Structures are given as C-alpha cells and as structure tokens.
Amino acid sequence: MTRNNHFPHLMRAFFYEWLVEQRNASIHTVRSYRDAWRLFLRFVAKRAGKKVAMITLADLTAREVIAFLGHAEHERGGTIGTRNCRLAAIRSFFNFVATRDPGSIAQCVEILNIPIKRAPVSEPCYLDPMEVTAILAQPDRSTLEGMRDHALLSFLYNSGARIQEALDLCPDAIRFDSPSCVRLTGKGRKERICPLWPETMMLLRKLLERQPRAPDQRLFVNRYGQPLSASGVRFKLAAYVKAAAETTPTLRDKHVTPHAFRHATAVHLISAGVDVTVIRSWLGHVSLDTTNHYARANLETKRKALEKVGAPEAPSRQPSWKRDTSVLAWLDML
C-alpha cells in the first residue's frame, strides 16, 4: 500500500462510518457486502497480476466490474440473483466514494450505470402437506440433534419464517403462555408476530428442557453450543429429503431448501382461504404483489376455481348468421 493510495481508507470508511454508523446496517448486510468485496478484490488482483494490498481505486473500473459479474455468474455458477447482490454491494461503495472523492465521479457514474440483470420469474417450489409430513418424520427424535432438527423444520413450516429469522430466534421472543406466538425480526429490522400451534410450542419446550438456553441466547445450536448456520441446515435438510423421497417419490423432482417451507406455508394458507393481506402480514412481505405470487402458484386453488366455472355447453342450434344462406353467399363473394 502506497502513501498516495486512498482506496484502503475509503473502504474502511465505507464499512465502519457509512454502513455501520450512518446506515446502521444489519450484521447480515455487512457480511454480505464484505463477502462481495472480498471476491471482487481477489478477482481484480488476479487479472492485474498484483497483490490485493496494492490495488488502487483506479484499478476498479466499470470494465472490471462487468468482468467480475460475468465471472460470478458463469464461472462460479452463481444465479442472476447472486450476481445482482454482488453488484449492489459494489454500487453502494461507489455511491459513497462519489461523495468523498469528487475527482472520481466519472468513474463512479460508469459503475453506477451498470444495470441490474433481469432474471426469469419462476414459480416458487413449495411442498404438499404429505411431503412436509414425510420430511418431518425423518429426524431421529430420540437424539438431541434429531429433536432440534424436527423442532426447527416444524417451526419453519408453522411460522413461514425465513431461515435466518429462525436461526436468530431466542427464547425471550417466544410467548409460551396461551395464545402462543413468536416475535420475528425480518428484513429491514421489521418485527412481526406469528401464532404458533400447540404442537410446535410443545416441541420448542422439550428442546429447551433438554438443552437449556438463556433468554437472549440462540435457540437452535450445534453440538458445540454455537448457533447453527444456514448452510448447515441446508446440508441436513438435503439428507432428510433424500430419505423421505423413498416413500414420497414426488420429492425426487423438487429442489427442497429451507425456504421451501416458507413457500409451503403461504400456499397452504391460500388453499385454506386465508385472506392475502393476512398472509402478507404473516410472512412479512413488503408488497402485496409478492404474496399474490403464491396465489398464482397454487395449482389446487386454480383447479377448484375451474370446477366452479364448469365447461361451456355446446349450442343446441347454429347461430342465425350461419343459418342465413344469403349472408354466407355474400361473404363468399368478398
């Protein structure tokens, strides 16, 4: 790092002063931006043939950003959504740099004008009730690990929580008295209250009895007492889905992730006739359009609607314009 290289100071100010102090970004946002910049800097350093510590702001051109996004999507096998998340972290930094280093505004504008890539909107993968039952039957509840996994998956299905919302859950966010409910903190630190079934509450009680936790400690932890990670849950879930597919073949064609339980909650609520505004509040959606997406994906609801409409009846006789031969003859002459 040279004396005239201001990039390290800008990077430090971006994370500590702007993200943490001014924006009060969540720890998840900070880590996401950190990972994006770690990958980007290594990519630029490799292409430039220099160490990461020697990179300057001038090395981070719009061309390098575009090349990195292509690398993240195609060579690393990331999705378009992941690619857009990487771009958001980079654009956020250069939006900050434009206010601190006026001499770099032209470079910043070029990068800020890199568009978000549009991705096809696919139908969400959700689980049928029998598929949920088959997966929940897989954990060995005689062991602490199996009891934890069964409680976690049951909680995901009951509450429709995002996986990180569930992993951040502490005992003091749960109301064990009737009516049972849980307080979840979602995106943008927005809180919402979700009701809990007595069965789910019993599972959480038994888990706490077997593995006591302080009110402010994470509820779902590994064998070492450390909080579970989302990747760890996905790994365990994949094993349970594979085992459940032996008795429920429809699971073989589905890519089941922890988020699939959230999709299942939404679709099953819609099938039960719950109003979409209630489901929006239940799941913590910002826009009602997101909730309506589940209504479009629910094939059973579409089938019931089609049954109510019924097939059109064939007319008993031809319409008058077909019976009038003079009109048909005139049309043939045109």
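The following paragraphs lead from the protein chain as a whole to its strands and then to two residues in its helices.

The structure shown is a predicted model, and its protein chain holds 16 helices and three strands. Of the 334 residues in this chain, 40% count as buried, while the accessible surface of the chain comes to about 19,900 Å², with 55% of that area belonging to carbon and sulfur atoms. If one takes the contacts in the chain with a separation of 6 or more, 64% of them are accounted for by residues 24 or more positions apart.

The strands can be followed in the order E1, E2 and E3. Strand E1 covers residues 174-175 and strand E2 covers residues 181-185, and the two run antiparallel, joined by two bridges. Ile174 has Val182 in E2 as its bridge partner, and the two strands E1 and E2 form a hairpin in which five residues lie between them.

From E2 the path continues to strand E3, which spans residues 191-195 and runs antiparallel to E2, with five bridges joining the pair. Val182, already met as the bridge partner of Ile174, also has a bridge partner in E3, namely Cys194. Strand E2 is thus a member of both pairings, since bridges join E2 to E1 and bridges also join E2 to E3. E2 and E3 form a hairpin as well, with five residues between them, and in the turn of this hairpin Gly188 has a positive phi of about 70°.

The helices offer a second place to look, beginning with Thr200, which has its place in helix H9, a helix made up of residues 198-210. Is Thr200 buried or exposed? Its relative accessible area is 2%, and because buried means under 20%, Thr200 counts as buried. When residues up to four places away in sequence are not counted, Thr200 touches Ser154, Phe155 and Asn158.

One of these, Ser154, is found in helix H7, which covers residues 144-159, so that the contact between Thr200 and Ser154 can be traced from either residue. Ser154 has a relative accessible area of 8%, and it is therefore buried too. Leaving aside the neighbours of Ser154 within four places in sequence, the residues in contact with Ser154 are Leu136, Thr200 and Leu203. A reader who wishes to see this contact in the model can thus start at Thr200 in helix H9 and look for Ser154 in helix H7.

Definitions and conventions. Residues numbered from 1 in each chain as written. Predicted model: local features only at pLDDT ≥ 70, side-chain atom pairs only at ≥ 80, totals over all residues. Heavy atoms only, no water. Helix = DSSP H or I, 4+ residues; strand = E, 2+ residues; numbered from the N terminus. Buried < 20%, exposed > 50% of the residue type's maximum accessible area, 1.4 Å probe, protein only. Contact = heavy atoms within 4.5 Å. Areas by Shrake-Rupley, 256 points an atom, 1.4 Å probe, with all protein chains shown as cover. Pairing = 2+ DSSP bridges.
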